[in-house]
Amino acid sequence: MSKPFIEAKLVRIQQNTEDAISLFFDKQQIVPTDFKSGQYLNFSVSINEQEERRAYSIFTAPFDKEIGVTVKRVENGLVSNFLHDQIEVGNILSLSPPEGRFVLIPDGDKRRQHFFIAAGSGITPIMSMIQAALELEPQSECILIYGNKDEKSIIFKEELLKLSQKYAGQLKIYHILSRSSQGSWKGIKSRLTADLVDELVQENMNERLTQEYYLCGPGELIELFDGHFRANGIDTKKIHKEYFSSPKLDSATAKKEITDGSSIAEVILDGETIQVEVPKDKTVLDTLIDSKYEAPYSCMSGSCSTCIAKLTKGKVEMEQCYALDEDEVEEGFILTCQAKPITDSISLTYDID
Ligand SMILES: Cc1cc2nc3c(=O)[nH]c(=O)nc-3n(C[C@H](O)[C@H](O)[C@H](O)COP(=O)(O)OP(=O)(O)OC[C@H]3O[C@@H](n4cnc5c(N)ncnc54)[C@H](O)[C@@H]3O)c2cc1C
Ligand code: FES
C-alpha cells in the first residue's frame with residue numbers, strides 16, 4: 001500500500017556531532033497514532049528538479065512529544081548533504097508516515113535480554129528501541145555494543161550516558177572505537193569484529209532470560225554479524241536487521257537474470273488493478289514508476305522494504321533482498337525495486353497492510 005506523503009514543518013535542528021544532525025518535527029503533525037520503535041520516515045526531497053527519497057530512522061521514543069531523526073553526512077551523498085546544508089527550521093518537508101519492520105515492541109511481562117549491535121548512524125533506530133525497552137519493559141536488560149571511529153563521532157554519547165545512569169542495572173553500554181584521538185579513551189579500542197561482539201555477548205549472557213539480537217548499520221557489517229550469529233546456531237527469528245546501505249555485491253555471485261522478452265504483470269495498488277508489460281531485464285518498480293504510477297519506494301537497493309508487495313502468481317528473481325527474511329520470501333513477499341519477472345505473466349499486490 002502506498003502511504004501518502006505528509007507536509008511537516010521542521011521545528012528544531014540539533015547538532016549531534018561534527019557530521020550528524022537531528023531534525024525534529026511535531027509528532028502530532030506526522031503521526032496521529034503511535035509508531036513502533038525502530039521505524040523510519042521516508043523523506044522525499046527535490047534536488048536539481050529530481051525527486052529523491054531516503055529513509056531516516058526515528059531515534060525518539062514513541063512516548064516523546066517530538067519525533068526526531070538523525071542524519072549523518074555521507075561523503076558525496078546527495079540527500080544527506082542537502083539536509084545538512086540546505087534545510088532550516090520552519091521549512092516544510094515531505095515525509096512518509098513511519099514505516100519499517102525492524103521494530104521492538106516492549107512487553108512489560110517479558111524478561112528478555114536485548115543485545116544491540118550498532119555502528120555509526122546505525123544507533124538511531126536502536127536509540128528509540130532502548131528508550132522504549134528501558135521504560136516499558138523493566139524486567140529486561142539492554143546491552144549496547146556500539147562501534148565508532150573516535151570519541152567525537154559518537155552520536156548520542158551524552159544521552160546514552162544519562163540513560164545508563166538513570167537505568168543502572170538495566171542498560172550496559174560498550175563503546176568500541178577504531179581510532180581514539182587523544183589517547184585518553186578508557187574504553188575498548190578495536191575494530192568492531194565478530195570475535196569481539198561474540199566475547200561481549202558471552203560475557204553478558206544471562207540464561208534465565210531470552211535473548212534478542214538487533215543489528216543496524218552499513219550492509220557489510222550486518223552481513224558479517226548475521227552470518228556469525230547464524231553459524232553459532234542463533235535462531236534467525238531472534239536476529240533483527242536494518243541495513244542502512246546494501247553490502248557490496250560480488251559480481252561473480254550476483255544472480256544472472258533472464259533478460260529476453262517481457263512479462264504481463266497484473267498489479268494491485270491502492271485498490272486499483274493495473275496491467276503493465278515488464279521487460280524481463282527491468283524491475284517491476286521501475287516499470288511502474290516509468291508508467292507514472294505512485295508505487296511506494298525509498299532506497300531502491302533492497303534494504304528498506306518500503307516497496308514490499310506479495311506475489312500471487314508467477315515468479316520473479318531478486319538480485320538483492322536484505323529487507324526480507326527467508327520465511328517472508330517463502331510466503332511470496334517480494335521487494336519490487338529488485339524483482340524482475342522470469343515467467344511470462346505475474347500477479348502481485350501492494351495492498352498487504
Ligand atoms: C531503513 C533505512 C534507515 C536509515 N536510517 C538512517 C538514519 O537514521 N540516519 C542516516 O544518516 N542514514 C540512514 N539511512 C541511510 C540513508 O537513507 C541514506 O542512504 C544516506 O543518508 C545516504 O544518502 P545520500 O543521498 O546522502 O547518499 P547517496 O547519494 O545515495 O550515496 C552516495 C554514496 O555513498 C554511499 N552510501 C550510501 N549510503 C551510505 C551509508 N549509509 N553509509 C555509507 N555510504 C553510503 C553510496 O554507495 C554512494 O556511493 C537509512 C537507510 C535505510 C535503508
Ligand atoms: S525501495 Fe527499499 S527495498 Fe525496495
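Me: Buried means under 20% relative accessible area, exposed over 50% and partly exposed in between, using a 1.4 Å probe and protein chains only. What makes Lys3 partly exposed?

Reply: Lys3 has a relative accessible area of 30%, which falls between the two cut-offs, so partly exposed is the right label. By the way, this is a predicted model, where local features need pLDDT of at least 70, side-chain atom pairs count only at pLDDT 80 or more, and totals for chains, interfaces and linings use all residues. Residues are numbered from 1 along each chain as written, chains are lettered from A and ligands numbered from 1 in written order, and side-chain values use heavy atoms, leaving out hydrogens and water.

Me: Where is Lys3, and what is it in contact with, leaving aside neighbours within four places in sequence?

Reply: Lys3 is in the segment before strand S1 (6-17). Leaving those neighbours aside, Lys3 is in contact (heavy atoms within 4.5 Å) with Pro97, Pro98, Glu99 and Asp353. Lys3 and Ala295 are 292 residues apart in sequence, but 9.2 Å apart in space, C-alpha to C-alpha.

Me: Why is His84 called buried?

Reply: The relative accessible area of His84 is 14%, and that is under 20%, so His84 counts as buried. His84 sits in helix H2 (residues 78-86). Beyond four places in sequence, the contacts of His84 are Asp19, Ala20, Ile21, Val71, Lys72 and Arg73.

Me: How do you know that strand S7 is largely enclosed by the rest of the structure?

Reply: S7 (residues 112-119) has 8 of its 8 residues buried, so the description fits. Both faces are covered: Arg112, His114, Phe116 and Ala118 are buried on one side, and Gln113, Phe115, Ile117 and Ala119 on the other.

Me: What makes S7 and S11 a pair?

Reply: Pairing takes at least two DSSP bridges, and S7 has 7 with S11 (residues 210-217), in the parallel sense. Ile117 has Leu215 as its bridge partner there. S7 also pairs with S8 (residues 141-148), again in the parallel sense over 7 bridges, and Ala118 stands opposite Tyr146 in S8.

Me: Why are helices H5 and H6 called oblique to each other?

Reply: H5 (residues 194-204) and H6 (residues 219-231) pack at about 55 degrees, with axes 10 Å apart. Under 35 degrees is roughly parallel, over 145 roughly antiparallel, 65 to 115 roughly perpendicular and the rest oblique, so H5 and H6 are oblique. The contact is made by Ala194, Asp195, Val197 and Asp198 of H5 and Leu224, Phe225, His228 and Phe229 of H6.

Technical notes. Axes are lines fitted to C-alpha atoms, for helices over the stretch in contact, and angles run from 0 to 180 degrees between N-to-C directions. Helices (H or I, at least four residues) and strands (E, at least two) are DSSP runs, numbered from the N terminus.
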